[in-house]
Amino acid sequence: GQIDSSSTGDTVLITGVANKVLKIHSITAYKVTGTTQSFQFEIDTGSSFGTTRVISANSTNDKESNEAGYLLTETERLVINVKTAVASSTIDYTVQYEEYGHA
């Protein structure tokens with residue numbers, strides 16, 4: 001996918017699914033070469049996703065997290081938090097995961 005990084009804040013990449021656990025295998029995020037927006041990966045949890053766990057450094061670098069091994073329950077979501085925005089910029093991302101559980 002692709003997110004708009006021309007303003008700061010969270011963009012949800014994937015949200016947990018009822019009665020399942022999502023095992024995140026890898027997460028990648030790539031900016032357009034030469035742009036300077038900074039961002040980090042986070043997992044939001046709890047009521048209204050009010051608790052945040054930061055799982056990557058906040059920096060202007062592209063990010064690759066192979067074999068991340070994160071588990072998302074139905075009350076969690078994976079986000080990119082843009083900390084410093086750049087006008088008319090985007091970040092491309094991928095999330096590789098498997099679903100475990102039952103419907």
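Where in the chain is the place of phenylalanine 49? Phenylalanine 49 sits in the loop between S4 and strand S5, the latter covering residues 51-54. This is a predicted model, and that loop is a handy point from which to start a walk through it. Most residues other than glycine have a negative phi. Phenylalanine 49 is not a glycine, yet its phi is positive, at about 55 degrees. With 23% relative accessibility, phenylalanine 49 counts as partly exposed, because the partly exposed class begins at 20% and ends at 50%.

A second residue has a positive phi as well. Asparagine 19, also not a glycine, has a phi of about 65 degrees. You will find asparagine 19 in the loop between S2 and S3, where its relative accessible area of 43% makes it partly exposed.

Let us now step from the loops to the sheets. One open sheet has four strands in the order S2-S7-S4-S5, and the pairing is antiparallel. S2 and S5 stand at its edges; each has a single partner strand, so one side of each is left without a neighbour in the sheet. Ignoring direction, neighbouring strands of this sheet are turned against each other by 35 degrees on average.

Within that sheet, six bridges join S2 and S7 in the antiparallel sense. To see the register, look at valine 12, whose bridge partner in S7 is valine 79. Right beside valine 12 in the sequence comes threonine 11, also placed in strand S2. Leaving aside neighbours within four places in sequence, threonine 11 is in contact with Ile3, Leu78, Val79 and Ile80. The C-alpha atoms of threonine 11 and leucine 78 are 8.7 Å apart in space, although 67 residues separate the two in sequence. Threonine 11 itself is partly exposed, with a relative accessible area of 25%.

Asparagine 81 offers another view of S7, the strand that spans residues 76-84. Is asparagine 81 buried or exposed? Its relative accessible area is 11%, so asparagine 81 is buried, as this value falls under the 20% limit. The side chain of asparagine 81 has a polar partner: it makes a polar contact of 3.3 Å with the side chain of aspartate 10. Beyond its neighbours within four places in sequence, the contacts of asparagine 81 are Gly9, Asp10, Ser38, Phe39, Gln40 and Glu42.

The other open sheet also has four strands, here in the order S1-S8-S3-S6, with antiparallel pairing. Its edge strands are strand S1 (2-4) and strand S6 (63-72), each of which pairs on one side only. From one strand to the next, the twist averages 30 degrees.

How many bridges join S3 to S8? There are eleven, and the two strands run antiparallel. Two pairs let you follow this register: valine 21 stands opposite tyrosine 100 in S8, and lysine 23 stands opposite glutamate 98 in S8. S8 also pairs with S1, in the antiparallel sense and over three bridges. There, isoleucine 3 has isoleucine 91 in S8 as its bridge partner.

Isoleucine 3 and isoleucine 91 lead us on to the nonpolar core. The largest nonpolar core has 16 residues, of which Ile3, Leu13, Leu72, Leu78, Ile80 and Ile91 touch the most other members. Strand S2 (9-15), strand S3 (20-31), strand S4 (38-45), S7 and strand S8 (90-101) each supply at least two residues of this core. The largest share, four residues, comes from S3. Leucine 72 shows how one core member meets its surroundings: apart from neighbours within four places in sequence, leucine 72 is in contact with Ile14, Lys20, Val21, Leu22, Ile24, Ile43, Arg77 and Leu78.

Our last stop is threonine 35, in the loop between S3 and S4. A polar atom of its side chain lies 2.7 Å from the backbone oxygen of valine 32. Threonine 35 can also be placed relative to threonine 60: the two are 25 residues apart along the chain, with their C-alpha atoms separated by 8.3 Å.

How values were computed: Residues are numbered from 1 along each chain as its sequence is written. This is a predicted model: local features need pLDDT of at least 70, side-chain atom pairs count only at pLDDT 80 or more; totals for chains, interfaces and linings use all residues. Side-chain values use heavy atoms; hydrogens and water are left out. Buried means under 20% relative accessible area, exposed over 50%, partly exposed in between (1.4 Å probe, protein chains only). A polar contact is a pair of N or O atoms within 3.5 Å; within protein, one must be able to donate a hydrogen and the other to accept it, and residues adjacent in sequence count only if both atoms are side-chain atoms. Contact means heavy atoms within 4.5 Å. A nonpolar core is a set of buried Ala, Val, Leu, Ile, Met, Phe, Trp, Tyr and Cys residues joined through side-chain atoms within 4.5 Å. Two strands pair if DSSP finds at least two bridges between them. Axes are lines fitted to C-alpha atoms, for helices over the stretch in contact, and angles run from 0 to 180 degrees between N-to-C directions.
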